[in-house]
Amino acid sequence: MNVHDSEKVIGTLVQEGYRQVESVEQADLVLYNTCSIRDKAEQKVFNRLSDYKKYKKQGKTFGVLGCVAQQEGEKIFERAPYVSLVAGSASYRNLPQMLRQLEEAAVAREIPRPADEDAGLRDDASVGMSPGNTRGSGLATRDSGLVRITGLDDRETDKCFETEFTARSNPHRGYITIIEGCDKFCAYCVVPYTRGKERSRTSESVLAEARQMADLGYTEIQLLGQNVNSYKDPAGNSSARKTFAELLAAVGEVPGIRRVRFTTSHPRDFGRDIVDAIDAVPALCDHVHLPVQSGSTRVLDAMQRLYTREQYLERIAWMKAAKREISITTDVIVGFPGETESDFAQTLDLLDEVGYDAVFAFKYSPRPNTPSLKLDDAIPDTEKARRLEVLMARQREIQIERYKKYVGTQCEVMVEGRNEARSQWIGRTTHNKTLNFTAPQTANPKPGAYVRVTVTNSFPNSLLGELVV
Ligand code: SAM
Ligand code: SF4
């Protein structure tokens with residue numbers, strides 16, 4: 001989501017007259033987009049910001065965006081006084097106004113600025129500049145000659161950050177955000193505090209963007225949201241409202257769109273109608289990412305996930321009964337406060353029972369403001385690391401077996417690029433697996449093309465094959 005937020009911020013600012021550059025050295029304005037979902041994200045951000053300090057003398061302007069900005073707020077100005085803008089994702093709609101305020105303040109202070117201002121993008125960072133506003137989306141203060149703008153008060157907004165100017169970095173596959181924020185408040189998670197309340201875009205606006213992307217030549221669309229399937233169409237006219245499954249199907253039917261993916265789905269809101277839509281619409285990819293977090297109902301309850309192991313497995317059963325084989329992937333947290341050896345054993349057992357194609361596993365990390373911060377984080381880091389290692393080893397075995405089954409079959413891939421060192425093309429299957437392949441010199445498949453490949457070998461995380469000519 002952060003990558004796509006950066007694409008939207010860049011697109012918006014380019015429209016305002018900014019130009020994206022490759023390095024901090026070339027930029028007049030540096031916007032640093034941050035994530036605080038795990039680990040010591042705040043410390044990493046402050047370390048990076050201290051690297052930027054030296055550039056302030058050159059008249060560059062710095063802004064911090066995203067979850068760490070929302071979480072740390074004005075503390076960022078205290079620890080990094082050379083930062084001029086701090087804005088959470090719910091305020092991005094107002095970025096042009098906030099940046100215009102900065103511009104006006106810079107002019108008032110007679111800081112020389114080129115007319116054609118450049119903006120730099122760092123790592124998970126984006127860009128910036130333009131218009132003016134006050135509380136609710138931007139508060140400008142002038143203190144000791146420093147100009148500070150904040151966008152931190154918008155988490156209760158009903159509005160999404162919609163932009164027709166998204167600067168998509170891939171010309172074939174693009175993201176569309178359909179829902180922002182989260183109201184689920186899982187005990188360990190910062191998202192509801194940093195990204196604000198859940199708000200959906202109208203299906204009409206999502207479909208208009210999908211059609212526009214198809215017209216521009218995109219063939220794959222990925223629908224995005226913290227929980228895409230919690231989508232609630234806010235269309236005024238109730239007869240025009242679509243459920244998530246209906247929206248998914250409608251995007252899959254947009255002429256020119258060959259693949260539709262969606263992430264992330266929450267088990268609580270995962271209905272059988274989503275599987276029915278996959279069955280009915282060929283463009284919907286055979287892949288569902290359904291985070292389980294733990295295989296123990298006791299831990300799920302402590303995590304406030306509001307489903308049991310059995311309810312989760314019921315959803316898996318719906319997918320396994322689908323007409324096409326659906327690849328299933330998940331997220332797991334190990335070492336949540338109070339997780340016993342027996343709870344952990346149930347998670348390992350769940351991996352075997354489901355047969356995932358990929359697992360994204362994390363050590364529990366206590367996050368600011370979250371309810372689980374009050375629980376005793378008694379599992380030592382070494383034990384969390386051990387559980388993580390055991391879990392990944394088990395999953396590796398499962399993947400070796402699952403990937404082997406593809407050898408000898410033919411798969412359609414979208415060509416993503418070329419690995420010159422290996423003289424291979426890189427492709428992606430509908431199951432979201434990487435399938436690298438060789439092709440005769442005369443074939444020269446182009447990125448974005450769809451080709452058929454015979455699978456000749458398998459690895460734990462990828463497949464190898466030959467182009468069908
Ligand atoms: N909304 C999705 C869901 O409910 O499954 C998850 C979105 S969250 C941005 C991505 C993943 O980060 C979660 O599925 C979880 O596994 C992990 N995560 C979130 N908070 C965490 C924490 N405090 N410690 C470790 N992992 C965490
Ligand atoms: Fe975080 Fe839970 Fe919301 Fe997912 S559903 S974003 S884990 S609070």
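The expected span of a helix is 1.5 Å times one less than its number of residues. In this predicted model, that rule can be applied to helix 1, which covers residues 2-15. Its 14 residues should span 20 Å at 1.5 Å a residue, and the C-alpha atoms at its two ends are indeed 20 Å apart, so expectation and model agree.

Helix 1 may next be considered in its surroundings. Eleven of its 14 residues are buried, and the helix is therefore largely enclosed by the rest of the structure. The cut-off behind this statement is a relative accessible area under 20%. The buried residues of helix 1 include the charged or polar side chains of Asn 2, His 4, Asp 5, Ser 6, Glu 7, Lys 8 and Thr 12, and Val 9, Ile 10, Gly 11 and Leu 13 are buried as well. After helix 1 comes Gly 17, with a positive phi near 110°.

Positive phi values also occur in residues other than glycine. Gln 293 has a phi of about 75° and belongs to the loop between strand 13 (287-289) and helix 10 (297-302). With a relative accessible area of 7%, Gln 293 counts as buried because its value falls under 20%. Asn 369, for which phi is near 70°, is located in the loop between strand 15 (358-363) and helix 13 (381-404). Another backbone feature is the cis peptide bond from Thr 263 to Thr 264, where omega is near 0°. Thr 264 is part of the loop between strand 12 (259-263) and helix 9 (272-280).

Gln 293 leads on to ligand 1. This ligand has 17 residues around it, of which Arg 38, Gln 226, Gln 293, Asp 331 and Ser 365 come nearest. Backbone atoms take part in two of the contacts described here: a backbone N or O atom of Gln 226 lies 2.8 Å from a nitrogen atom of ligand 1, and a polar backbone atom of Ser 365 is 2.8 Å from a nitrogen atom of the ligand. Asp 331 contributes a polar side-chain atom, which lies 2.6 Å from an oxygen atom of ligand 1.

Arg 38 also has an aromatic partner, since its charged end sits over the ring of Phe 362, 3.6 Å from the ring centre. A further arginine, Arg 79, lies over the face of Phe 46, at 3.9 Å from the centre of that ring.

Gln 226 belongs to the surroundings of ligand 2 too. The other residues around ligand 2 are Cys 182, Lys 184, Phe 185, Cys 186, Tyr 188, Cys 189, Val 191, Pro 192, Asn 227, His 266 and Arg 305. By class, this shell comprises seven nonpolar, three polar and two charged residues.

Tyr 188, one of the residues around ligand 2, introduces the aromatic pairs. The model has eight aromatic pairs. In one of them, Tyr 188 and Phe 336 meet edge-to-face, with 6.3 Å from centre to centre and 80° between the planes. This pair links distant parts of the chain, as its members are 148 residues apart. Tyr 188 is in the loop between strand 9 (179-180) and helix 6 (191-194), whereas Phe 336 is in the loop between strand 14 (327-334) and helix 12 (341-354). Both Tyr 188 and Phe 336 are buried. Elsewhere, Tyr 32, Tyr 52 and Phe 62 form one aromatic cluster.

Definitions and conventions
Residues numbered from 1 in each chain as written. Chains lettered and ligands numbered in written order. Heavy atoms only, no water. Near = heavy atom within 4 Å. Phe/Tyr/Trp six-rings, centres within 6.5 Å; stacked < 30°, edge-to-face > 60°. Helix = DSSP H or I, 4+ residues; strand = E, 2+ residues; numbered from the N terminus. Buried < 20%, exposed > 50% of the residue type's maximum accessible area, 1.4 Å probe, protein only. Lys NZ or Arg CZ within 6 Å of the ring centre and 35° of its normal. Polar contact = N/O pair within 3.5 Å; in protein donor to acceptor, adjacent residues only side chain to side chain.
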